[in-house]
Amino acid sequence: MDSKYKAVIIIILAIGLAYLLINPGSNYEKIDIVGSTSVQPVAEKLANAFMENHPDIRINVQGGGSGMGIRSTQQGIADIGMSSKELSDEEKENITVVEIGKEGIVIAVNNGNNVSDLSINQIRDIFNGKITNWKELGGPDLEIHVITREEGSGTRSAFESIVMANSKIKPDAIVQSSTESVKQSVASDPGAIGFVSLAHMSNDVKALLVNGVEPTELTVANGEYELQRPFLLLINGKETGAVKEFLDWIKSPAGVKVIKDANIVPT
């Protein structure tokens with residue numbers, strides 16, 4: 001286990017311990033959820049809605065990326081892991097995968113950029129470094145600054161699988177550690193391009209059409225928008241106890257409503 005991963009796990013455990021010290025007399029079951037920063041916002045909303053009617057259960061949700069969600073589940077550190085990428089056969093060993101929905105990956109540029117539509121081939125050539133100036137795409141005479149997520153990010157893994165084919169993201173791309181960080185970088189840089197979660201989109205960046213299709217909940221649900229990935233919850237073995245109760249509730253009408261309200265397409 002590398003030192004960075006150990007440090008993050010220690011921080012997560014310390015937060016949990018601090019919470020217990022603040023609430024020493026509480027009598028409840030606790031669920032720790034760790035992983036994808038893209039899944040994290042909807043997981044937090046689900047946890048808060050669930051706890052309103054289940055005072056005997058406390059749910060703590062932490063980010064860290066899909067890779068951490070998978071490892072934490074495999075090693076029994078987390079009760080539930082979060083991933084926004086499909087698991088490999090090796091990663092699935094002894095893991096129960098629960099898909100709660102699907103979400104689009106938006107190609108985002110600065111609001112001042114007049115480019116509005118790119119093909120998947122053009123996006124690939126931007127991210128692998130073949131296209132380096134927006135004027136090659138009918139945009140302004142500006143150098144393209146590629147913003148990407150870190151290795152292990154579920155968003156990056158899904159983007160690479162759908163878009164990059166046999167090429168790789170250019171080595172000098174600017175790496176950010178969360179969807180929000182990518183969006184902030186794009187919002188502040190007229191030459192930037194990045195990929196962000198549909199659920200995280202806001203007016204401070206511009207969403208591009210891909211192959212003429214706008215990224216919306218409808219186009220993700222009907223499959224027209226090609227850049228989409230699953231939102232997964234992971235359990236080591238079979239779900240039992242409070243974890244099973246929570247997962248069953250997620251599939252109920254109340255849970256599905258929370259998912260829809262978070263701009264995720266329920267599955």
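This is a dialogue on how to read the features of one predicted protein model.

Trainee: Where do I start? How many helices and strands does the protein chain have?

Mentor: Start with the inventory. The protein chain has nine helices and twelve strands.

Trainee: What does the radius of gyration tell me about the protein chain?

Mentor: Compare the value with what a compact globule of that length would give. For 267 residues the expected radius is near 18 Å, and the protein chain has 19 Å, which agrees. Then look at the extents. Along its principal axes the C-alpha trace spans about 65 × 40 × 35 Å.

Trainee: What share of the residues is buried?

Mentor: Buried means under 20% relative accessible area. By that cut-off, 51% of the 267 residues are buried. The accessible surface comes to about 12,400 Å². Carbon and sulfur atoms account for 50% of that surface.

Trainee: How do I read contacts by sequence distance? What percentage join residues at least 24 apart?

Mentor: Set a lower limit on separation, then ask how many contacts reach further. Among contacts between residues at least 6 apart in sequence, 75% join residues at least 24 apart.

Trainee: And charge? How many positive and negative side chains are there, and how far apart are the centres of the two sets?

Mentor: Count both signs, then compare their centres. There are 24 positive and 34 negative side chains. The centres of the two sets lie 1 Å apart.

Trainee: Now the interior. Which residues have the most contacts inside the largest nonpolar core?

Mentor: A nonpolar core is a set of buried nonpolar residues joined through side-chain atoms. The largest one has 38 residues. Those with the most contacts inside it are I107, I126, F127, F159 and I193. Next, trace the elements. Two or more residues each come from β4 (95–109), α4 (120–127), β6 (145–149), α5 (154–164), α6 (179–188) and β8 (192–197). The largest share, five residues, is from β4.

Trainee: Which residues does I107 touch?

Mentor: Leave out residues up to four places away in sequence. I107 then touches I123, F159, I193, G194, F195, K206, A207, L208, V210, Y225 and L227. There is also a second, separate core of 29 residues. V42, I59, F231 and L247 are among its members.

Trainee: Let me try a single helix. Is α3 enclosed or open to the outside?

Mentor: Count its buried residues. Seven of the nine residues of α3 are buried, so the helix is largely enclosed by the rest of the structure. The buried ones are S66, G67, M68, G69, I70, S72 and T73. Take T73, which lies in this helix, residues 66–74. T73 has a relative accessible area of 0%. Beyond its sequence neighbours up to four places away, T73 touches A78, I80, G81, I95, L234, I235 and N236. Just after α3, G76 takes a positive phi of about 75°.

Trainee: Which residues other than glycine have a positive phi?

Mentor: Look at two cases here. N94 has a phi of about 65°, and N263 has one near 65°. N94 sits in the loop between β3 (80–83) and β4. N263 sits in the loop between α9 (253–261) and β12 (265–266). Check accessibility too. N94 is exposed at 56%, and N263 is partly exposed at 33%.

Trainee: What does E217 touch?

Mentor: E217 is in helix α7, residues 217–221. With 34% relative accessible area, E217 is partly exposed. Setting aside residues up to four places away in sequence, E217 touches L198, K260, N263 and V265. So N263 turns up again, as a contact of E217. E217 and L198 are 19 residues apart in sequence and 8.3 Å apart in space, C-alpha to C-alpha.

Trainee: Is I57 buried or exposed?

Mentor: I57 is buried, at 0% relative accessible area. I57 is found in strand β2, residues 57–64. Its contacts, not counting residues up to four places away in sequence, are Y28, E29, I31, F50, M51, A242 and E245.

Trainee: And P171, buried or exposed?

Mentor: P171 is exposed, with 86% relative accessible area. P171 lies in the loop between α5 and β7 (174–176). The C-alpha atoms of P171 and F127 are separated by 9.6 Å, although the two residues are 44 residues apart along the chain. F127 is one of the residues with the most contacts inside the largest core.

How values were computed. Residues numbered from 1 in each chain as written. Predicted model: local features only at pLDDT ≥ 70, side-chain atom pairs only at ≥ 80, totals over all residues. Heavy atoms only, no water. Helix = DSSP H or I, 4+ residues; strand = E, 2+ residues; numbered from the N terminus. Rg over C-alpha atoms; globule rule 2.2 N^0.38 Å. Buried < 20%, exposed > 50% of the residue type's maximum accessible area, 1.4 Å probe, protein only. Contact = heavy atoms within 4.5 Å. Areas by Shrake-Rupley, 256 points an atom, 1.4 Å probe, with all protein chains shown as cover. Lys, Arg positive; Asp, Glu negative; His and termini not counted. Charge placed at Lys NZ, Arg CZ, Asp CG, Glu CD. Core = buried A, V, L, I, M, F, W, Y, C linked by side-chain atoms within 4.5 Å.
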